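Welcome! Here are some exercises to work through with the structure at your side. Try each task before you read its solution.

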There are 2 protein chains.
Amino acid sequence: MKVTPSISLFPIPGIPLITPQDDLALVINKCAQKIGLELKDGVLVVAQKVISKAEDRLVSMSEVTPGEKARKIAREDEKDPRHMEVVLQESEAIVRHGNKVLITETRHGFVCANAGVDLSNAPGEDIAVLLPLNPDESAKQLRKGLEELGGQRLAVVITDTFGRPWREGLVDVAIGSSGIAPIDDFRGQTDLAGRELVVTTAATVDQLAAAAGMLMQKDSGIPAVWVTGVPVTGEGCVADLIRNPSEDLFR
Amino acid sequence: MKVTPSISLFPIPGIPLITPQDDLALVINKCAQKIGLELKDGVLVVAQKVISKAEDRLVSMSEVTPGEKARKIAREDEKDPRHMEVVLQESEAIVRHGNKVLITETRHGFVCANAGVDLSNAPGEDIAVLLPLNPDESAKQLRKGLEELGGQRLAVVITDTFGRPWREGLVDVAIGSSGIAPIDDFRGQTDLAGRELVVTTAATVDQLAAAAGMLMQKDSGIPAVWVTGVPVTGEGCVADLIRNPSEDLFR
C-alpha cells in the first residue's frame with residue numbers, strides 16, 4: 001500500500017546566483033519545469049537573499065563610512081564597523097545589545113540580529129546584503145510574474161533565518177507573503193471538547209517558512225522550495241502579523 | 001513526469017482520546033499501520049497533549065485551592081484563579097505579566113504563556129493539562145516502544161504550540177526529542193562563497209515541529225504526524241537547545 005503524503009516539499013535545484021538583471025520569476029519557473037514541477041496549487045517559499053539580490057539591495061562596504069556609534073559597537077563586538085554602520089542605517093531602533101549580539105528593529109518592524117543585514121554568500125567579499133525594502137510587495141510581484149508564466153492558485157512566501165529568545169538555533173520565518181493568509185485564525189471556533197478557542201491562531205506563513213527551511217540550509221544551494229498540501233487561501237501579508245509594539249511585552 | 005518530494009508529511013488519523021491506561025506506542029503504531037505507514041527512516045512528531053494524557057499529567061481543578069498570588073493574577077486577567085494557581089505551581093519564575101498574558105519559565109526552562117498549562121481539549125471541563133515532567137525522556141520512551149514494535153531508524157519529537165515576542169500567531173515548537181540532533185550545527189563549515197559560517201545553526205527539531213504543526217491544528221483531531229526525508233541522525237535532545245539564561249538578552 002502506497003500512502004500519499006498530505007504535505008510535500010520539493011526543493012527547486014539549479015537556481016543560479018541571481019543579479020538585478022535576472023527575471024526571477026522566469027528563472028524559478030524554468031528550474032521548476034526542469035524537474036517536472038508545475039507551479040499550481042501550492043506555495044513557493046523563497047529565501048530572502050535571492051530576492052534582495054534581484055532587487056539590488058546590495059551595499060558595497062568600500063563605500064560605507066562608519067559613524068561613531070557603528071565604530072563603538074564594532075569595537076565592543078569585534079565586528080566590521082562598516083557592517084555595523086549599514087545595520088544601524090537599516091534599523092529603526094536598537095532592541096538589545098549585549099554578548100556581541102545586536103538585536104534591532106527593522107523598518108518593517110522585524111526584530112532580529114543585525115537588521116537582517118548579512119555578509120555571507122554575498123557576491124563579493126565586501127558586499128552586504130540588505131533585506132528587501134517591502135518583502136510583501138516583492139512576494140506579490142513574484143507571484144504575479146509566476147502567474148503570467150502559467151502558475152495557478154499559488155502563494156509566495158519570502159523567508160529569512162532568525163534567531164529567537166530563550167532557545168539556541170535558528171529557524172526560518174516569513175518576511176513577506178502574497179496569496180495566503182499569514183495567520184490561520186481559529187478564534188470563535190470550538191475545540192474537540194466544545195470549548196471555545198480564544199487565541200489559537202497558527203502563523204501559517206511562519207510554519208511554511210520553517211518547513212521549507214529544512215531544505216534551504218545555507219550549504220544546500222537551494223533557495224526555493226515548492227510546498228503542496230497547504231490550502232492556498234485567504235487575504236493579508238506578513239506585515240499583518242507584526243505585533244503592535246504597545247501590546248508587546250518584550251520591547 | 002512525476003516528481004518525488006524531498007520531505008513528506010503524513011498525518012496519522014484515528015488516534016483516540018488517550019488515557020493513562022493506553023500504551024501510546026501501540027496505539028500510534030496501530031493507527032499508522034492502518035493507513036499503510038511503516039515507521040522506518042523518519043520522524044514521528046506528536047502533540048504534547050497526547051503525551052501528557054498518557055502520563056496522567058492532569059489536575060482536577062476542583063482539587064486546587066488558589067493562593068493569594070493566583071487570585072490576584074486571575075482578578076487582573078479575568079482568568080480562573082485555580083488555573084492560575086496550577087500555572088504558578090508549574091513555573092520557576094514569572095518572565096512577563098501584562099495585557100492579560102502571563103509568560104513564565106517552566107521547570108524545563110521553556111518560556112511560554114501559562115507554563116504550558118492548558119484547559120482546552122481536556123477530557124473534562126475542570127481538568128488542566130500540564131506539560132510532561134521530562135518531555136525528552138517521554139520522547140525516548142515512545143521511541144523505544146515504537147522500536148520494540150518494529151520501528152527502525154526513527155526519531156520522536158514532542159511539540160507544543162507557543163506564542164512568540166514581536167509576532168502574532170502561534171507556531172509549534174519542540175519540547176522533547178529523541179533520536180535526532182536538535183540543532184544541525186554548521187559552525188566551521190563554509191558558505192557558497194567560501195566564507196566561514198560562524199553562527200548558522202538550524203534548530204532542526206523546531207523546524208520539524210512547525211512543519212508538522214500545519215497538520216495538527218487544534219480542530220483537526222490529528223495529534224501525530226510522520227515526517228520522511230529529514231536525516232534521522234545525531235545526538236542530543238531539546239534540553240540542549242535551551243539558551244543559558246546568563247547569555248539571554250530577553251530575560
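**Exercise 1. Two helices that cross**

The crossing of α1(B) and α5(B) is right-handed. Keep in mind that the model you are looking at is predicted. Your task: find out which residues make the contact between α1(B) and α5(B), and decide how the two helices are oriented to each other.

*Solution.*
- Step 1: On the α1(B) side, the contact is made by B:Leu24, B:Ala25 and B:Asn29, and on the α5(B) side by B:Leu142, B:Gly145 and B:Leu146.
- Step 2: Sorted by class, the residues of this contact are four nonpolar and two polar, with no charged ones.
- Step 3: Now look at the axes of α1 (residues 24-34) and α5 (residues 135-148) of chain B, which come within 9 Å and cross at roughly 55°.
- Step 4: Angles of 65 to 115 degrees would count as roughly perpendicular and those under 35 degrees as roughly parallel. The helices α1(B) and α5(B) are therefore oblique to each other.

**Exercise 2. Two domains of chain A**

Locate the two domains of chain A, then describe the side of domain 1 that touches domain 2.

*Solution.*
- Step 1: The domain assignment gives chain A a domain 1 made of 8-55 + 132-244, and a domain 2 covering 58-128.
- Step 2: Taken over C-alpha atoms, the centres of these two domains of chain A are separated by 25 Å.
- Step 3: Each domain of chain A brings residues to the contact: ten from domain 1 and ten from domain 2.
- Step 4: On the domain 1 side, the elements giving two or more residues are α2 (48-54) and β8 (152-164) of chain A. Of these, β8(A) gives the most, with three residues.
- Step 5: By class, the domain 1 side holds five nonpolar residues, one polar and four charged.

**Exercise 3. A charged residue in a helix**

Is A:Arg82 buried or exposed, and which residues does A:Arg82 contact beyond its neighbours in sequence?

*Solution.*
- Step 1: Find A:Arg82 in helix α4 (residues 81-89) of chain A.
- Step 2: A residue is buried if 20 or more other C-beta atoms lie within 10 Å of its own. A:Arg82 has 21 such neighbours, so A:Arg82 counts as buried.
- Step 3: Setting aside neighbours within four places in sequence, A:Arg82 is in contact with A:Met61, A:Val64 and A:Pro66.

**Exercise 4. An enclosed helix**

How many residues of helix α6 (residues 204-213) of chain A are buried?

*Solution.*
- Step 1: Go along the helix; the buried residues of α6(A) include A:Thr204, A:Asp206, A:Leu208 and A:Gly213.
- Step 2: The count is ten of the ten, so α6(A) is largely enclosed by the rest of the structure.

Key
Residues are numbered from 1 along each chain as its sequence is written. Chains are lettered from A and ligands numbered from 1 in the order in which they are written. This is a predicted model: local features need pLDDT of at least 70, side-chain atom pairs count only at pLDDT 80 or more; totals for chains, interfaces and linings use all residues. A residue is buried if 20 or more other C-beta atoms lie within 10 Å of its own, exposed if 12 or fewer, and partly exposed in between; C-beta atoms are placed from the backbone. Helices (H or I, at least four residues) and strands (E, at least two) are DSSP runs, numbered from the N terminus. Domain bounds come from an automatic or database domain assignment. Two residues are in contact if their C-beta atoms, placed from the backbone, lie within 7 Å. Ala, Val, Leu, Ile, Met, Phe, Trp, Tyr, Cys and Pro count as nonpolar, Asp, Glu, Lys and Arg as charged, and the others, Gly among them, as polar. Axes are lines fitted to C-alpha atoms, for helices over the stretch in contact, and angles run from 0 to 180 degrees between N-to-C directions. Angles under 35 degrees count as roughly parallel, over 145 as roughly antiparallel, 65 to 115 as roughly perpendicular and the rest as oblique. A crossing is left-handed if the near helix is turned anticlockwise from the far one by less than a right angle, and right-handed if clockwise.
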